[in-house]
Amino acid sequence: ALPLQEADRVLFASLTGRVDWLVLDTETTGLGNGDEVISVAVVSATGEVLFSEMVRPTQRIHPKASAVNGITDEMVAAAPPFDEVYPRLAGVLTGRLVLAYNAEFDRRMLDQTCERYGLPAIQAEWECVMELYAAARNRWSKQYGFVWCKLGEACWSEGVQVEGFHEACADAQATRLLVLAVGKEIGDAIQSAGNTDRYSSG
């Protein structure tokens, strides 16, 4: 088996030649175990928006969350509740490979929102782009292990041009472009190394 970091690099590179993956992003009422999603977006590998909805939560949005995502209680007052959008969202995600930047957070928020409404958790295969990126770029600390960076920082470092952050659809598209940019560079490097090996052994 490949070492974990190299396996992550290979996975990253492989995504550029595939169109079977999706990217998801959420905005939420807060960060806690009782918080819930207020905006969900899903885009395809080619950038098609497959799902983008504001959701009316059962609680007020924490002021600190509003300060980050720009979503207020008034903005979601007329939005549908989560159980109304769930069937369509589940139809998009179920059984698919879903990428997210900090997938653990987005998955947790989706799961606990489903639980709040008594709905089954959506079954999908998840991969965390934040973790893949840290491994691909060898962002490692002896004290802390892999060092995570924010989506905006990663995009800036890779020269990925995006418009705005902390809006679900924009963040999903930014994550998609980051995957494609870094995956292509890694794929090219792997191919180049393979060619070098062939020449040196020929």
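Which residues of helix α7 (residues 151-158) are buried? In this predicted model, the buried ones are Leu151, Ala154 and Cys155. Looking down the axis of α7, these buried residues sit within an arc of 95°, so they line one face of the helix. The spacing fits a simple rule: an α-helix has 3.6 residues a turn, so residues three or four places apart point the same way. Right after α7 comes Gly159, with a positive phi near 70°.

Helix α4 (residues 82-93) tells a similar story with a longer list. Its buried residues are Phe82, Val85, Tyr86, Leu89, Ala90, Val92 and Leu93. Viewed down the axis of α4, they fall within an arc of 150°, so they too line one face of the helix. Over on the other side of α4, Glu84, Pro87 and Gly91 are exposed. So what sits on top of the buried residues? The cover over the buried residues of α4 includes the strands β1 (21-28), β2 (37-44), β3 (49-54) and β4 (97-100), along with helix α5 (103-116). Following α4 is Gly95, and its phi is positive as well, near 80°.

One of the strands in that cover, β1, deserves its own look. Of its 8 residues, 8 are buried, so β1 is largely enclosed by the rest of the structure. Trp21, Val23, Asp25 and Glu27 point one way from the strand, while Leu22, Leu24, Thr26 and Thr28 point the other way, and all of them are buried. As for partners, β1 runs parallel to β4, with 3 bridges joining the two, and here Leu22 stands opposite Val98. With β2, β1 runs antiparallel and is joined by 7 bridges; Thr28 has Val37 of β2 as its bridge partner.

Next, the nonpolar interior. In soluble globular proteins, nonpolar side chains tend to be buried together. The largest nonpolar core here has 54 residues, and those with the most contacts inside it are Phe12, Phe82, Leu89, Leu93, Tyr101 and Leu178. Helix α8 (residues 168-201) gives this core its largest share, 8 residues. There is also a second, separate core of 6 residues, with Ile38, Ala65, Ile71 and Val76 among them. Back in the largest core, Leu93 shows what a well-connected residue looks like. Setting aside its neighbours within four places in sequence, Leu93 is in contact with Leu22, Leu24, Val42, Val98, Leu110, Ile122, Gln123 and Ala124. Two of these names, Leu22 and Val98, have already come up as the residues facing each other across β1 and β4.

What about the cysteines? A disulfide is a covalent bond between the sulfur atoms of two cysteines. The structure holds 0 disulfides. For Cys114, the closest cysteine sulfur is in Cys128, 19 Å away, which is too far for a bond. Cys128 is in no disulfide either; its nearest cysteine sulfur, that of Cys149, is 11 Å away. Both residues are tucked inside: Cys114 is buried with a relative accessible area of 1%, and Cys128 counts as buried at 9% relative accessibility.

Finally, how confident is the prediction? The mean pLDDT of the chain is 90, and 90% of its residues reach 70 or more. Residues 196-202 are another matter: there the pLDDT is below 50, and beyond near neighbours in sequence the stretch has 0 contacts in the model.

Technical notes
Residues are numbered from 1 along each chain as its sequence is written. Side-chain values use heavy atoms; hydrogens and water are left out. Buried means under 20% relative accessible area, exposed over 50%, partly exposed in between (1.4 Å probe, protein chains only). Helices (H or I, at least four residues) and strands (E, at least two) are DSSP runs, numbered from the N terminus. The arc is that of the directions from the helix axis to the C-beta atoms. Contact means heavy atoms within 4.5 Å. Two strands pair if DSSP finds at least two bridges between them. A disulfide is a pair of cysteine sulfur atoms within 2.5 Å. pLDDT is the predictor's confidence in each residue, from 0 to 100. A nonpolar core is a set of buried Ala, Val, Leu, Ile, Met, Phe, Trp, Tyr and Cys residues joined through side-chain atoms within 4.5 Å.
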